[in-house]
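I opened this model to look up two things: its nonpolar packing and its pockets. The notes follow in the order I took them.

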Amino acid sequence: MTYDPTGHLLLTPVDQEAPVRVRRLRRLGFGDRPDPAFDAFADRLAEVTGAPYSMVNFIDENRQYFAGLHTPSGRHSGSDLTAAAASGGAVGRCMARDHGYCPHVVVRRKALVLEDVCDYPRFAGNPVVDEIGIRSYLGAPLIDRTGIALGTICVVDTEPRPWGRAGLETIKALAAELVEQIHRREDGYL
């Protein structure tokens, strides 16, 4: 586990499944390049939730890769997310594993709702709060037929958002839908 040395807060969970996940992602051909189908899914995810940013995120031992990305400008670089950041740091398709909340979702294997990340000391200290300006997160794991959590789908905002129970149910249903699409692709139907 990674701890904040000053506050002893858990920052990034230990991910014992990462090596198996990486092998599975390689077999599927995911996690190292943008995918138009995942970009389209991220666009739909943003539309359904009303969130300005959404991602289809695959996670390995060291990084997160946004194979699907939606930004308000419609560009898939993620650069307009950094415009909201006070520090102006660069965010694109890749992000360190210790940034953001998706690694928590993958390890927990459960959806996560953070209406205002600053309300949760465990999550408020995450680098994406100060570096990018993230204030709200909603994500669900992508658990495939082999039982591996491949990654997540998530939406984020630079403002607090009242996702509520409806948001939780929506993100879980959309994650299940994307897993079915992944299975159809693997089986040669897409």
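Entry 1, a single residue. I listed what Ile153 touches, leaving out residues up to four places away in sequence. The model is a predicted one. On one side of the sequence, the list holds Phe41, Leu45, Met55, Val56, Leu138, Gly139, Ala140 and Leu142. The list also holds Ile171, Leu174, Ala175 and Leu178.

Entry 2, the core. I found Ile153 again in the largest nonpolar core, among the residues with the most contacts inside it, together with Phe38, Val56, Phe58, Leu142 and Leu178. This core counts 27 residues. I then checked which elements give it two or more residues: helix 1, helix 2 (36-49), strand 3, strand 4, strand 7 (136-143), strand 8 (149-157) and helix 7 (164-186). Helix 7 has the largest share, seven residues. I noted another core lying apart from this one, with 22 residues, including Ile59, Ile134, Ala149 and Val156.

Entry 3, the pocket. How much space lies in the largest pocket? I read off about 190 Å³. Its lining has 14 residues, and Val22, Arg26, Phe30, Gly31 and Asp60 are the closest to the pocket centre. Sorted by class, I have six nonpolar, six charged and two polar residues in the lining.

Entry 4, where the lining comes from. Which element gives the most to the lining of the largest pocket? I get helix 1, with three residues. Helix 1 spans 18-28, and strand 3 (53-59) and strand 4 (63-70) also each supply at least two lining residues.

Key
Residues numbered from 1 in each chain as written. Predicted model: local features only at pLDDT ≥ 70, side-chain atom pairs only at ≥ 80, totals over all residues. Heavy atoms only, no water. 1 Å grid on protein atoms, 1.4 Å probe; cavity = no way out; pocket = protein on both sides within 12 Å on 5 of 7 lines; lining within 4 Å. Points joined across faces, edges and corners; volume = space filled by probe spheres on them. Helix = DSSP H or I, 4+ residues; strand = E, 2+ residues; numbered from the N terminus. Nonpolar A, V, L, I, M, F, W, Y, C, P; charged D, E, K, R; others polar. Core = buried A, V, L, I, M, F, W, Y, C linked by side-chain atoms within 4.5 Å. Buried < 20%, exposed > 50% of the residue type's maximum accessible area, 1.4 Å probe, protein only. Contact = heavy atoms within 4.5 Å.
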